[in-house]
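Let's take a friendly walk through a protein model. Have a look at the sequence and the 3D view first.

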Amino acid sequence: MNASMSALGKLVRTTAFKLSFAYLLIFTIFAFVGLGYVAWNAQRLLTDQFVSTIESEINSLSDQYRFGGLRRLVNIVERRSRAPGAMLYLVTTETGERVAGNVGALPPGVIGRTGQFETLYNRTDETEARPDMAIVRVYLLPGGFRLLVGRDIEERRRLQEVIYRAFGYSLLFIVVLGCVGGWFITRRVLKRVDDMTEITRHIMTGDLGGRLKIAGTGDELDRLAQNLNDMLDRIGELMRGMQEVSDNIAHDLKTPLTRLRNKADEALRTASTPDELRSALEATIEESDNLIRIFNALLMIARLEAGNAREGLADFDAAEAVRDVAELYEALAEEAGVSLAVSVEDDLPVHGSRELLGQAMANLLDNALKYGSAAGGVPQTISVSAHRRDGEVRIAVADHGPGIPASERGRVLERFVRLETARSRPGFGLGLSLAAAVARLHGGALLLEDNEPGLRVILAMPLKAVELPQAPLQSAA
């Protein structure tokens with residue numbers, strides 16, 4: 001019993017039940033108003049028909065009295081009173097004595113009134129004492145005689161009973177159907193919500209592989225479940241990324257930390273002169289600087305991905321920024337035996353951070369010099385370009401080095417990811433991650449393509465919309 005009451009209380013407290021009850025109440029009110037309006041119009045129409053019939057009969061009988069006198073009127077009234085389903089007729093003297101008609105009794109004072117009204121009456125052929133109700137009109141004839149013509153309103157009463165009965169049954173049907181429908185809808189919605197709650201409980205316990213069921217109806221619960229599943233997928237990706245980053249940090253930081261400790265330990269054991277101690281300290285500081293650079297890069301990527309660097313964004317010319325970075329790297333390229341080819345289109349307005357774009361360009365050029373420099377005495381060329389294309393600024397750095405396999409191009413944009421072929425070279429696997437984060441901050445993307453041979457890295461970001469100055473309006477002289 002307690003379980004049933006608890007389930008009923010849970011059902012009543014649901015939003016679906018409250019909405020169903022509200023819709024049922026609103027529909028019942030509209031149904032009540034609609035049926036009431038129909039009943040009122042039906043009664044009014046029937047009453048107007050009765051009044052029209054009475055008016056027509058009064059006019060006809062008054063004409064007969066005017067042309068044939070009282071005798072002719074009495075004969076016509078007696079004849080019409082005896083017809084099956086006859087209307088109500090009564091002709092009286094000035095004092096109220098019955099002369100002709102089928103009305104046997106009226107309440108006191110009725111025959112003395114004139115005009116149209118409703119009253120109780122008894123027919124002359126009725127033996128029951130229960131009076132009936134009728135619409136009558138009393139007409140004063142010349143000579144003091146009075147003519148009453150009326151119509152029994154039993155039809156109107158039966159119509160009222162039929163309408164009231166239909167209204168009651170309809171109201172009962174609406175309430176029952178609404179309650180059953182509300183219960184069914186609420187149970188269906190509540191079951192899906194309970195299923196979603198149960199799955200979320202499993203997820204909260206640590207089962208991140210659980211997903212909400214989608215019924216396939218495309219309703220709001222399906223959309224909510226799909227969005228939650230997408231959110232869980234994204235959380236799973238971030239968790240896997242964090243685990244991979246942790247593994248990569250442990251792997252990539254172990255070596256410089258080990259070198260740092262070994263050099264310090266070696267200095268303690270073997271250094272005996274000030275020069276040897278100085279050399280050991282310099283090596284230790286160099287390793288420490290490498291670790292600081294790693295953590296600075298990690299912090300920068302975290303800030304970019306969190307959107308915390310947006311407060312410093314401004315409009316600038318990407319063409320100038322690309323030229324400045326390329327100019328800085330010309331000397332380094334010459335030392336590495338690499339030819340740097342620069343092709344930059346003029347006037348490339350963007351909204352963003354000039355410093356961050358320069359940092360991303362520096363990382364791309366560092367990678368290009370590291371993996372695309374001269375090999376085997378054959379000089380190589382690294383091309384740097386910046387052009388407009390489809391409403392974007394596309395900044396490209398291309399080399400002719402070993403390149404990156406197509407299957408690995410998505411993975412190398414993650415933090416601390418280094419291919420096995422690159423682990424023999426200096427680096428920490430953060431350059432492309434930082435460049436990708438800069439591209440996302442500017443509303444763009446970092447694309448990796450095959451340069452045949454080599455790698456072509458494209459940093460695409462949207463162009464700044466330039467507002468054209470409006471010409472002043474000239475008034476007509």
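The report below goes from the whole protein to two annotated spans and then to one pair of helices.

This is a predicted model, in which local features need pLDDT of at least 70 and side-chain atom pairs count only at pLDDT 80 or more, while totals for chains, interfaces and linings use all residues. Residues are numbered from 1 along each chain as its sequence is written, and side-chain values use heavy atoms, leaving out hydrogens and water.

The protein has 8 helices and 13 strands; these are DSSP runs numbered from the N terminus (helices: H or I, at least four residues; strands: E, at least two). Of its 477 residues, 36% are buried, meaning under 20% relative accessible area with a 1.4 Å probe, protein chains only.

An unreviewed UniProt entry lists two spans as "transmembrane region"; such annotations may be inferred rather than shown by experiment.

| Span | Distance between end C-alpha atoms | Helix | Strand |
|---|---|---|---|
| residues 20-40 | 30 Å | 100% | 0% |
| residues 166-185 | 27 Å | 100% | 0% |

Now for the helix pair. The axes of helix 6 (residues 318-335) and helix 7 (residues 354-371) come within 10 Å and cross at roughly 35°. Here an axis is a line fitted to C-alpha atoms over the stretch in contact, and angles run from 0 to 180 degrees between N-to-C directions. Among the residues that meet are Y329 and L332 in helix 6, and M361 and L365 in helix 7; contact means heavy atoms within 4.5 Å.

Conventions
Buried means under 20% relative accessible area, exposed over 50%, partly exposed in between (1.4 Å probe, protein chains only).
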